[in-house]
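Student: I should like a close look at a single part of this structure, beginning with one residue and its loop. Please then relate that part to the rest of the protein in one connected account.

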Amino acid sequence: MRIEVNGTPRDIAAATVADALSELGWGEARVATALNGVFLPAASRPTQALRDGDRLEVLAPMQGG
C-alpha cells in the first residue's frame, strides 16, 4: 500500500503502525507518532491499522542546544 511518511510517499507492506515503524527502520526507536494529523500513543500502534493514503508522521527527540 502507499502511505505518506513525514511528507514523502512510501510503498509499504505493513498492515499496522507498529509494523510500519519496524519496516521503515524505527522499530526500536523512541519516537512520537501521528496518524492523519492525530497523535497516536505508543500503546495503540500494534492495533492501529493502516489504509492506503494514510499520513504517518514520525518524530524523534533530538539533543543539542
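Tutor: Asn-6 has a relative accessible area of 33%, so it is classed as partly exposed. The model discussed here is a predicted one. Asn-6 sits in the loop that joins S1 and S2. Its backbone deserves attention: phi is positive, at about 50 degrees, although the residue is not a glycine. Gly-7 belongs to the loop between S1 and strand S2 (8-11) as well. With a relative accessible area of 45%, Gly-7 is also partly exposed. The C-alpha atom of Gly-7 is 7.8 Å from that of Glu-57, although 50 residues separate the two in sequence.

Asn-36 offers a second case of this backbone feature. Its phi is positive, at about 55 degrees, and it too is not a glycine. Asn-36 lies in the loop between strand S3 (32-35) and S4, and its relative accessibility of 32% places it among partly exposed residues.

Asn-36 leads on to Asp-54, for Asp-54 touches Ile-3, Glu-4, Leu-35, Asn-36 and Ala-49, with residues up to four places away in sequence not counted. Asp-54 is located in the loop between strand S4 (38-40) and strand S5 (55-59). Although buried, Asp-54 has no salt bridge, and the nearest side chain of opposite charge, that of Arg-51, is 5.0 Å away. A salt bridge requires a side-chain nitrogen of Lys or Arg within 4 Å of a carboxyl oxygen of Asp or Glu, so a separation of 5.0 Å does not qualify. The side chain of Asp-54 does, however, reach the backbone nitrogen of Arg-51, at 2.8 Å.

The loop between S4 and S5 also holds Arg-45. Arg-45 is likewise buried without a salt bridge; here the nearest side chain of opposite charge is that of Glu-28, 10 Å away. The side chain of Arg-45 has a polar contact with the side chain of Thr-33, at 3.1 Å. Apart from neighbours within four places in sequence, Arg-45 is in contact with Thr-16, Val-17, Ala-18, Leu-21, Val-31, Ala-32, Thr-33 and Leu-40.

Where, then, is a salt bridge found? The structure holds 1 salt bridge, and it joins the side chains of Arg-2 and Asp-11, with an N to O distance of 3.0 Å. Arg-2 is partly exposed, at 42% relative accessibility, whereas Asp-11 is exposed, with a relative accessible area of 53%.

Two residues named among the contacts above, Ile-3 and Val-17, lead to the interior. The largest nonpolar core has 14 residues, and those that touch the most other members are Ile-3, Ile-12, Val-17, Leu-50 and Leu-56. Strand S1 (2-5), helix H1 (17-23) and S5 are the elements that give two or more residues to this core. H1 supplies the largest share, with 3 residues. In soluble globular proteins, nonpolar side chains tend to be buried together.

Ile-12 shows how one of these core members is surrounded. With residues up to four places away in sequence set aside, Ile-12 touches Met-1, Ile-3, Ala-20, Glu-23, Leu-24 and Leu-50. One of these partners, Leu-24, is in the loop between H1 and S3. Leu-24 has a relative accessibility of 17%, so it counts as buried. Leu-24 touches Val-5, Arg-10 and Ile-12, again without counting residues up to four places away in sequence. Between Leu-24 and Ile-12 the C-alpha distance is 8.4 Å, and the two are 12 residues apart in sequence.

These details belong to a protein with 1 helix and 5 strands, which follow one another in the order β-β-α-β-β-β along the sequence. The radius of gyration is 11 Å, close to the 11 Å that the globule rule gives for 65 residues, so the protein is as compact as a globular protein of that length. Along the principal axes, the C-alpha atoms fill a box of roughly 40 × 25 × 20 Å. Of the 65 residues, 29% count as buried. Among contacts with a separation of 6 or more, 52% come from residues 24 or more positions apart.

Conventions: Residues numbered from 1 in each chain as written. Predicted model: local features only at pLDDT ≥ 70, side-chain atom pairs only at ≥ 80, totals over all residues. Heavy atoms only, no water. Helix = DSSP H or I, 4+ residues; strand = E, 2+ residues; numbered from the N terminus. Buried < 20%, exposed > 50% of the residue type's maximum accessible area, 1.4 Å probe, protein only. Lys, Arg positive; Asp, Glu negative; His and termini not counted. Polar contact = N/O pair within 3.5 Å; in protein donor to acceptor, adjacent residues only side chain to side chain. Contact = heavy atoms within 4.5 Å. Core = buried A, V, L, I, M, F, W, Y, C linked by side-chain atoms within 4.5 Å. Rg over C-alpha atoms; globule rule 2.2 N^0.38 Å.
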